[in-house]
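I opened a new page in the notebook today. The plan was to look for empty spaces in a protein and for what sits in them.

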Amino acid sequence: MNIVSTEIQDYAERFTSAESEILTELRQKTLGERADNSMLSGFYQGRLLSIFSKMINPRRILEIGTYVGYSTLCLAEGLSEDGKIITLDIQPETNRVAKEFWAKSGLNDKIESHLGDALEIIPNINEIYDLIFIDADKPNYRNYFELVFPKLRIGGFIIADNVLWSGNVLDVKANNDESTIALHAFNQKIQKDERVSNILFAVRDGLMITRKEKN
Ligand SMILES: C[S@@+](CC[C@H](N)C(=O)[O-])C[C@H]1O[C@@H](n2cnc3c(N)ncnc32)[C@H](O)[C@@H]1O
């Protein structure tokens, strides 16, 4: 389901700043060579993540779901001078691609990556985050949120990707697969959570943007 018409999307992209050459190279390689390329954030969402990060100017970012490291580089663009992005993924093969491109990006020193199950890694990293991007396996979104929430500073943000799941969340009875059910339940949970303020931002596949107001 296209939330925005192709014409409007093209127009919006024409009036959006260009990305770096390394991001274009990584995006084109991923789109050209990988069957799983729908996982990539893509140009427009990448620019959105970059500008959100620049607005927040975070010292610590946690990314759950590195894939080929494209969104990692977009988010890293907004880091403070002494900032660092910690990114987690379970897949060694895509991690190798990510590392190859980070090395050429000029941002490598600001990226710390961990390979393994995010649910096991998160408790072992002692950081307080300013911005967290949840973009891994959908059935675990709720678990990720609860696990990271105590590690997010008050006033910090959690952005969760794909919360519209191609529009499938509109009818959970008809689309009763595990990811659709989990994402709809995640959206309901966030909407009821009195510790946060939130907006379901209807761009691309839907971003749930949550600000921590209190513990
Ligand atoms: C949608 S992709 C991430 C896309 C990337 N953030 C971007 O925007 O370009 C999801 C990633 O989550 C990873 N993943 C899935 N389950 C995971 C888990 N339990 N722990 C860590 N990573 C996981 C997958 O290997 C995959 O690379």
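Below are my entries on the pockets and the ligand.

**Entry 1: a word on the model.** I'm working from a predicted model here.

**Entry 2: the largest pocket.** I started with the largest pocket and got a volume of about 660 Å³. Next I looked up its walls, and 28 residues line this pocket. Nearest its centre I found N2, Q9, E13, R204 and D205.

Which helix gives the largest share of that lining? I checked, and α1 does, with five residues. I also noted that α1 (6-14), α2 (21-33) and α3 (42-56) each bring at least two residues to the lining. Sorted by class, the lining of the largest pocket came out as 13 nonpolar, eleven polar and four charged residues.

**Entry 3: the second largest pocket.** I moved on to the second largest pocket, which holds about 560 Å³ of space. I find 30 residues in its lining, and M39, G65, D89, D135 and A136 lie nearest the centre. The elements giving two or more residues to this lining are α4 (70-76) and β2 (84-89). By class I wrote down twelve nonpolar, ten polar and eight charged residues for the second largest pocket.

**Entry 4: where the ligand is.** Which pocket does the ligand take up? I looked, and the ligand's space is the second largest pocket. So much for the place; now the neighbours.

I looked up the shell around the ligand and got 19 residues. The closest ones are S41, G65, S71, D89 and D135. This shell divides into eight nonpolar, six polar and five charged residues.

**Entry 5: polar contacts of the ligand.** I then went through the side chains that meet a nitrogen atom of the ligand. For D135, I read 2.8 Å between an N or O atom of the side chain and a nitrogen atom of the ligand. For D137, the side chain has an N or O atom 3.2 Å from a ligand nitrogen. For Y144, the distance from a side-chain N or O atom to a nitrogen of the ligand is 3.3 Å.

How much of the ligand's accessible area does the protein cover? On its own the ligand has 600 Å² of accessible area, and I noted that the protein covers 90% of this.

**Entry 6: to keep in mind.** I put two things at the bottom of the page. The ligand sits in the second largest pocket, and D135 is listed among the residues nearest that pocket's centre. D135 also turns up among the residues closest to the ligand.

Key. Residues are numbered from 1 along each chain as its sequence is written. This is a predicted model: local features need pLDDT of at least 70, side-chain atom pairs count only at pLDDT 80 or more; totals for chains, interfaces and linings use all residues. Side-chain values use heavy atoms; hydrogens and water are left out. On a 1 Å grid over the protein atoms alone, a cavity is a set of points where a 1.4 Å probe fits but cannot get out, and a pocket is an open set with protein on both sides within 12 Å along at least five of seven lines; lining residues have an atom within 4 Å of a point. Grid points are joined across faces, edges and corners, and a volume is the space filled by probe spheres set on the points. Helices (H or I, at least four residues) and strands (E, at least two) are DSSP runs, numbered from the N terminus. Ala, Val, Leu, Ile, Met, Phe, Trp, Tyr, Cys and Pro count as nonpolar, Asp, Glu, Lys and Arg as charged, and the others, Gly among them, as polar. A residue is near a molecule or strand if one of its heavy atoms lies within 4 Å of it. A polar contact is a pair of N or O atoms within 3.5 Å; within protein, one must be able to donate a hydrogen and the other to accept it, and residues adjacent in sequence count only if both atoms are side-chain atoms. Accessible areas come from the Shrake-Rupley method with a 1.4 Å probe; for residues, only the protein chains shown count as cover. A molecule sits in a cavity or pocket if more than half of its atoms lie within 2 Å of its grid points.
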